[in-house]
Amino acid sequence: MGAEEEQRQENDQPRTKQITESQFLAWKRQKDAEASAKQAEAARKRAEDIAAGTVQMNGRELFVHEPWVFDNSQY
């Protein structure tokens, strides 16, 4: 019964692997690069959709692309 109990205790403990600071920083750089690439792709796709007129613009996009809409000099 002693061996079974030890085996059960080993299975209950989480398995962790120690990493170095340089490994963490390399992983972090990779994750940040992936996130920025994904964000850039989403922005590019959104700009294409706006140019094609397939999506409705929000206020900021409308102000950037069609500033004449916000011209109050006519009133």
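Good morning. I begin with a salt bridge: the side chains of Arg44 and Glu48 meet at 2.4 Å, N to O. The structure in front of you is a predicted model, and every distance I quote is computed from that model.

Where do Arg44 and Glu48 lie? Both belong to helix α2, four residues apart, which is about one turn of the helix. As for solvent, Arg44 has a relative accessibility of 38% and so counts as partly exposed. Glu48, at 43%, counts as partly exposed too.

Let me now step back to the protein as a whole. The protein contains three helices and zero strands, and along the sequence the pattern reads α-α-α. Of its 75 residues, 4% count as buried. The accessible surface amounts to about 7,300 Å², and carbon and sulfur atoms account for 53% of that surface.

A word on confidence is in order. The average pLDDT of the protein is 87, and 88% of the residues score at least 70. Which helix has the lowest confidence, and which the highest? The lowest is helix α1, residues 2-12, with a mean of 68, while α2 is highest at 96. The salt bridge with which I opened lies in α2.

Helix α2 runs over residues 21-52. Its 32 residues, taken at 1.5 Å a residue, should span 46 Å; the C-alpha atoms at its ends are 46 Å apart, so expectation and model agree. Just after α2 comes Gly53, which takes a positive phi of about 80 degrees.

I return to charged side chains. In general, side chains of opposite charge can pair when their charged atoms come close. How many salt bridges does a search of the whole structure find? It finds five, and I shall describe two further examples.

One of them joins Asp32 and Lys28, whose closest N and O atoms are 3.5 Å apart. These two residues also lie in helix α2, with a spacing of four residues, about one turn. Asp32 has a relative accessible area of 40% and is therefore partly exposed; Lys28, with 36%, is partly exposed as well.

Another joins Lys45 and Asp49, whose side chains meet at 3.2 Å, N to O. Once again, both residues are in helix α2 and four residues apart, about one helical turn. Are the two partners buried or exposed, or something in between? Lys45 is partly exposed, at 42% relative accessibility. Asp49, at 18%, counts as buried, because the cut-off for that class is under 20%. Salt bridges that share partners also join Glu41, Arg44 and Glu48 into one network, and the Arg44 and Glu48 pair from my opening is a salt bridge between two of those residues.

Asp49 has further neighbours to report. Leaving aside residues up to four places away in sequence, Asp49 touches Thr54 and Val55.

Next, the aromatic residues. A pair of aromatic rings is described by the distance of the centres and the angle of the planes. The count for this protein comes to two aromatic pairs. One of them is formed by Phe24 and Trp27: the centres are 5.7 Å apart, the planes stand at 35 degrees, and the pair is classed as tilted. Why are these two residues separated by about one helical turn? They are three residues apart in helix α2, and that spacing accounts for the turn. Phe24 is partly exposed, with a relative accessible area of 37%, and Trp27 is also partly exposed, at 44%.

Finally, I turn to helix α3, which covers residues 59-65 and includes Leu62. At 23% relative accessibility, Leu62 counts as partly exposed, since the buried class requires a value under 20%. Which residues does Leu62 touch, not counting those up to four places away in sequence? They are Met57, Pro67, Val69 and Phe70. Between Leu62 and Ile50, which are 12 residues apart along the chain, the C-alpha separation is 9.7 Å.

To close, I would draw your attention to two points. Helix α2 carries the highest mean confidence, 96, and it holds the three salt bridges I have described: Arg44 with Glu48, Asp32 with Lys28, and Lys45 with Asp49. Helix α1 has the lowest mean, 68. Thank you for your attention.

Conventions:
Residues numbered from 1 in each chain as written. Heavy atoms only, no water. Contact = heavy atoms within 4.5 Å. Expected span 1.5 Å × (residues − 1). Salt bridge = Lys/Arg side-chain N within 4 Å of Asp/Glu carboxyl O. Buried < 20%, exposed > 50% of the residue type's maximum accessible area, 1.4 Å probe, protein only. Areas by Shrake-Rupley, 256 points an atom, 1.4 Å probe, with all protein chains shown as cover. Phe/Tyr/Trp six-rings, centres within 6.5 Å; stacked < 30°, edge-to-face > 60°. pLDDT = per-residue confidence, 0-100.
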